[in-house]
Amino acid sequence: SFTQDRLSLFSFFPTIRRLLLHPALWCALAVLMCVGLARPWVEMGFWDDFSYIWCARVLADTGHIVYNGWETAILGWQLYWGALFIKLFGFSFNALHVSGLILAMATAALTQRVFVRTGLTEWNATIATLCLTLSPVFLPLCFTFMSDVPGFLCMLVCLYGCLRALQAATDRAALGWLVFAALTNAVGGTARQIAWLGVLVMVPFAIWLLRRRRGILAVGIPVWIASVAFVIACLQWFKHQPYSLREKLITASSFHHSPVLGIRITIFFCLPILVAFLPAIPVRKKGVQLQCAVAVVLLAVVGIWISRPAFYSGVAHEARLAPFSTEWVTARGLFQPPNLYVLPPFVLSLALRLVLTLLTGASLLALVICLFSLPSAQPARGQDERISSRTLWFLLGPSTRAYGLLIETRVGVLERYVIPLIFVLILALLRAYQSRIAPRISGWSLICTAVFAAYAVAQTHDFAAAQKARLAAVRQLQAAGTPRSQIRAGFDFDGWTELQLKGYANDPRIQWPPGAFHPVPPQTGPEACREDSWVAIRLPDIHPRYEFSYGPTPCFPESQFPPLVYRTWLPPWQREIYILAAQG
């Protein structure tokens, strides 16, 4: 008996070793390590999540979901997840941010497995996962209570279920995975409505692909109809909740921005994968030299054009160069709250932005040359093509197009909205690389991924450092007897103040209860010195005596409090928060 126990114990060790060395686990641990390096643990909200954290606290205290006039996401199960952490560890912003980190780690692990299920090798799937989850657009969300990562996680779960259904060996297994995909997405989409594209679009296409299997139509269609009914019921429930906000699919401001913006952002954050096509160009092949010469001339013309001072002058033109945005992930670092009057300094030099822009263009041209010059090959020996390209794009294509259309009709497009599109583009690029070039992607992609990850860690740290500096300045003012309602320190801080004062934000889209919205008198004074109107309308109960800024401004004089100095990892390495004396 003792010998049998020893044999059983030794046979257990290889299982543990395989688990500890599993690529999906290492992807999750990489997210944890990078967030830990960034040290972003600050006791205040991050962007919009102050509102979500407020709802989670109310749910933990009362057992009811109560909105506060800021949320357009339904939140659903995410609030119960946050309330669980409040019950276990007590209320704090960091407790909720830890809950978001756990979901981000789960997302990283599942992303790696989904990539493998779609036909990528383990190595390529791991690089693809790191490219996505350690990118400057994804990593800052990993320690927040925002709904972007939970929504993306729910879409991944649905895709994973559909892939398992398509690859199932038996009809019963296929049916079980299909029902799993539909039901989990119906429930999971309560965190973020756009995640319901899984059950609304992806699942019916999976049913069509599996229609010849026994029982799929008989069970799949009723389950899909029940899921759609559940989605409609949830939307109707949300519509009638006090202080909930609903956004129309098409508004007067829809399509006011070019769809090219979202495309450029998506392509840029896939650069670590795109760059692998540059050394793969078959330069010795007949006709390719001419294509390369045309590409070089084209890049030279573009380089001369974008180097002109008139091209990049002004804040509105910053989006013309990499990273192609003036919001969220920008040349000035992670996006700062809009009611800090002076913009933060540039952290990416103009020369570096020009290089990144041209490198993105060169990698894109390299992709085109490779696609036209290299034939599609059969899978290499030992390489398992788990799903055909036709089946995969039939499954993903409609939901991806629907997702792109829905974010395009929003008033603004932030980089965090395109995370699912980055996932799809990375998948397409790596399947093309595997089928035409090699089973294992170039090491240049790993190097580029590491550079992007290092920048993501640094920009996340610097944003957290700015938050800590603002909190220190607030405590300094409060120690001098200034009430919180007379301090304007960025809308993530001010939003929490408004909820403490009034219980909800003053949004004109609130329809229930009637009369909740109170019109705010228009601001006076020079336009450059006015508070952001979007914030001023929603946070009317803050009457500041002190304003915060990243530098001196002619709008307000400096107060008797000296600027608060803090250090960052990206240049300039020493920055200041100015405490200005507000007028009026």
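Modeller: Two strands pair if DSSP finds at least two bridges between them, and the strands themselves are DSSP runs of E with at least two residues, while helices are runs of H or I with at least four, both numbered from the N terminus. This is a predicted model, in which local features need pLDDT of at least 70 and side-chain atom pairs count only at pLDDT 80 or more, while totals for chains, interfaces and linings use all residues. Residues are numbered from 1 along each chain as its sequence is written, and side-chain values use heavy atoms, with hydrogens and water left out.

Colleague: What makes β5 and β6 a pair?

Modeller: Four bridges join β5 and β6 in the antiparallel sense, and the definition asks for at least two, so the two strands pair. β5 covers residues 564-567 and β6 covers residues 574-581. One position to look at is Y566, which stands opposite R575. The connection from β5 to β6 is a hairpin through six residues.

Colleague: Which strands pair with β4, and in which sense?

Modeller: β3, residues 487-488, pairs with β4 in the parallel sense over two bridges. The minimum is at least two, so this pair qualifies. R488 stands opposite E547 there. β4 and β6 run antiparallel and are joined by four bridges, with F548 and I579 as bridge partners.

Colleague: Which faces of β4 and β5 are covered?

Modeller: In β4, residues 546-549, both are: Y546 and F548 on one side, E547 and S549 on the other, are all buried. In β5, L564 and Y566 form the covered face, whereas V565 and R567 form the uncovered one.

Colleague: Why is S147 called buried?

Modeller: Buried means under 20% relative accessible area, exposed means over 50%, and partly exposed lies in between (1.4 Å probe, protein chains only). S147 has 1% relative accessibility, so it counts as buried. S147 sits in the loop between α6 (122-133) and α7 (148-167). Not counting residues up to four places away in sequence, it touches Y52, A73, L75, Q78, A191 and R192, where a contact means heavy atoms within 4.5 Å.

Colleague: What joins the side chains of S147 and R192?

Modeller: A polar contact of 2.7 Å. The term covers a pair of N or O atoms within 3.5 Å; within protein, one must be able to donate a hydrogen and the other to accept it, and residues adjacent in sequence count only if both atoms are side-chain atoms.

Colleague: What makes D148 and R192 a salt bridge?

Modeller: A salt bridge needs a side-chain nitrogen of Lys or Arg within 4 Å of a carboxyl oxygen of Asp or Glu. The N to O distance for D148 and R192 is 3.3 Å, so the pair meets the cut-off. D148 is in helix α7 and R192 in the loop between α8 (171-188) and α9 (197-209), so the salt bridge ties together parts that are 44 residues apart in sequence. D148, at 6%, is buried, and R192, at 15%, also counts as buried. Both belong to a salt-bridge network with D48 and R416.

Colleague: How many salt bridges are there in the whole structure?

Modeller: The search finds 10. One of them joins D462 and R575 at 3.9 Å, N to O, which is within 4 Å, so it counts. This pair links helix α18 (residues 443-479) to strand β6, 113 residues apart. D462 is buried at 7%, and R575 counts as buried at 9%.

Colleague: Are D171 and R213 buried or partly exposed, and why?

Modeller: D171 has 26% relative accessible area and is partly exposed. R213, at 22%, also counts as partly exposed, because neither value is under 20% or over 50%. Their closest N and O atoms are 2.9 Å apart, in a salt bridge.

Colleague: Why is W81 called partly exposed?

Modeller: Its relative accessible area is 24%, which lies between the two limits, so the label follows. W81 is in helix α4 (residues 77-89). Leaving aside neighbours within four places in sequence, W81 is in contact with S99, I102 and L103. A polar atom of the W81 side chain lies 3.0 Å from the backbone oxygen of S99.
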